[in-house]
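Me: Please take a close look at one helix in this structure. Walk me through its geometry, then what lies around it.

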Amino acid sequence: MDNAPSAFPGWRTAHLALLVLALLAFVTSMDITMTSLLVEPMKRELALSDIQIGFLQGTVYGIGYGLSAMPLGRLIDSRTRTRLLLAGMLVWAVAMAATALAHGVEMLVVWRLLLGVVTALVLPASISLIADLFAPAQRTVATSLFATGQACGQAFGILAGGLVFDRLTRLVAWAPEAFHGLSPWRVEYLGAGVLCLVLAPLLLTMDEPVRHERDATRVSGREALLELWSYRRFIGPLIAAMLFSVIALQATMVWAAPLLIRRFGQTPGQFAGWLSGITLAGGILGALAGGRLAELGRRRLGSGGVLLPALVAALASVPLALFGLAPTVPVFALLLGLSLFCGGMIQTIGVVAFTLNIPNEIRGLGIGVYVLIVALFGTATAPAAVAVVSRLLGGEDRLGLAIAAISAPAMLVSALFFGLAMRNAARRTAG
């Protein structure tokens, strides 16, 4: 490693950059929750089935997300990350706006693939930048603040998908000529595409920070893979733990809103306010708690100790996965909010563990491998798997049972792998 690295940026520079990255997370996170509330009108207009929705939301998106992860990880390790993020935001804006104009599954597949590719860029590039903006002792809190941006974006997506949709429905009915024949859900996607463009000037103002904790010599692709392989006993269980937690979280995020519509007969406008509130509270509090508890674990148990709170959160999530079987809306909301809180903790802590245990010169590649596996076997499979299991159990009215059947076992397995990753991290440190 370089024994005399340049100083980290000043407080103001680092936190302004973190604000931009959090805004980036906000914009790119609102898509999945906004789309989940727009599932029903999209299904009606485009004559889609639950399995097709799961295919678009999970499989197609996850394939684009996963297959691009490792190539993008290498670019992140060797190229200007701020410029990569700027290019990603422009592609994101085009894909969101183009979704509004799609009239068949074929074009939706194209734009969902592109959205998945951009997502595969945003997380590792942002985490790589945070690691060079903040010293290790500040990194867990900074990462949790970035995750807070994601939580805010998810909550805003619910508001846009619910309250804004209801308002647009009335406006379109009152003055259809003003919207050129576009249905309300299409207008929302166009608006989201325009919102993405606001970030472009902010990304242009960001300076690329000096890279820290890396060798002075350039690492080849083969050397990077070999070095990453040397961390396999830690990375393998960690990725497996994150994979199973993402399976449960995806099943929750994609299908919670449609379940409210079908099980309790509510409209998006009726539940968008409180659902966005618990999504925001659960995500922000989970991310902040995850960052604080991870730092506490690091101080007391070493770099592997950051994973202890994630293990506890995964175990707690097992009974919470039964939210879809709740008899009333308040019980549904309570269990869902706690589940999102635990999910926010787990996602934040998993990323922090990468930044503390993987060297800078292979960090982007390592996160790329994580994204590849999690996307292809988690993001790409969970939404469609819930739809298939629901059909096998008796039809679309079995959606809540299907969510529980997938999420509860997944979180239990996740906890087991977090324990294994902790043990192997401790052994590596001792060795």
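Reply: **Helix α11 and its surroundings**

Helix α11 has 33 residues. From the first C-alpha of α11 to its last is 46 Å, close to the 48 Å expected at 1.5 Å a residue. The expected span is 1.5 Å times one less than the number of residues. Helices are DSSP runs of H or I, at least four residues, numbered from the N terminus.

This is a predicted model, so local features need pLDDT of at least 70 and side-chain atom pairs pLDDT 80 or more, while totals for chains, interfaces and linings use all residues. Numbering starts from 1 along each chain, and side-chain values use heavy atoms, without hydrogens or water.

α11 bends by about 45° at Trp-255. A proline follows within four residues: Pro-258. The bend is the angle between axes fitted to the seven residues ending at a position and the seven starting there. Just after α11 comes Gly-265, with a positive phi of about 65°.

Where does α11 sit? Of its 33 residues, 26 are buried, so α11 is largely enclosed by the rest of the structure. Buried means under 20% relative accessible area, exposed over 50%, partly exposed in between (1.4 Å probe, protein chains only).

**The cavity beside it**

On a 1 Å grid over the protein atoms alone, a cavity is a set of points where a 1.4 Å probe fits but cannot get out. Lining residues have an atom within 4 Å of a point. Points are joined across faces, edges and corners, and volume is the space filled by probe spheres set on them.

There are 4 cavities of 30 Å³ or more. The largest encloses about 730 Å³. Its lining counts 33 residues. Closest to the centre are Ser-29, Gln-150, Gln-154, Leu-249 and Gln-347. α11 (232-264) is one of the elements that give two or more residues to this lining. The others are α1 (11-37), α3 (50-67), α6 (105-133), α7 (136-174), α12 (268-301), α14 and α15 (360-379). By class, the lining of the largest cavity has 17 nonpolar, 15 polar and 1 charged residues. Here Ala, Val, Leu, Ile, Met, Phe, Trp, Tyr, Cys and Pro count as nonpolar, Asp, Glu, Lys and Arg as charged, and the others, Gly among them, as polar.

**Two other helices of the lining**

Take α14 (residues 329-357) first. It has 29 residues and reaches 42 Å, close to the 42 Å expected. Of these residues, 22 are buried, so α14 is largely enclosed by the rest of the structure.

Now α12. This helix has a kink of about 25°, centred on Trp-274. Just after α12, Gly-302 takes a positive phi of about 90°. Arg-292 is found in α12. At 59% relative accessibility, Arg-292 is exposed. The C-alphas of Arg-292 and Met-345 are 9.8 Å apart in space. In sequence, these two residues are 53 apart.

**Cysteines**

The structure holds 0 disulfides, counted as pairs of cysteine sulfur atoms within 2.5 Å. Cys-342 has its closest cysteine sulfur in Cys-152, 19 Å away, too far for a bond. Cys-342 is buried, at 7% relative accessible area. For Cys-196, the closest cysteine sulfur is also in Cys-152, at 16 Å, again too far for a bond. Cys-196 is buried at 1% relative accessibility.

**An open space, and a loop**

A pocket is an open set of points with protein on both sides within 12 Å along at least five of seven lines. The largest pocket has a volume of about 200 Å³. Its lining consists of Arg-12, Thr-13, Leu-16, Ala-17, Leu-19, Val-20, Leu-133, Leu-202, Thr-205, Met-206 and Asp-207. α1 and α9 (199-205) each supply at least two of these residues. The largest share, 6 residues, comes from α1. The lining of the pocket divides into 7 nonpolar, 2 polar and 2 charged residues.

Ala-200 lies in α9. At 14% relative accessibility, Ala-200 is buried. Ala-200 and Leu-320 are 39 Å apart, C-alpha to C-alpha, and 120 residues apart in sequence.

One more backbone detail. Ala-47 has a phi near 55°, a positive value in a residue other than glycine. Ala-47 is in the loop between α2 (39-46) and α3. At 62% relative accessibility, Ala-47 counts as exposed.
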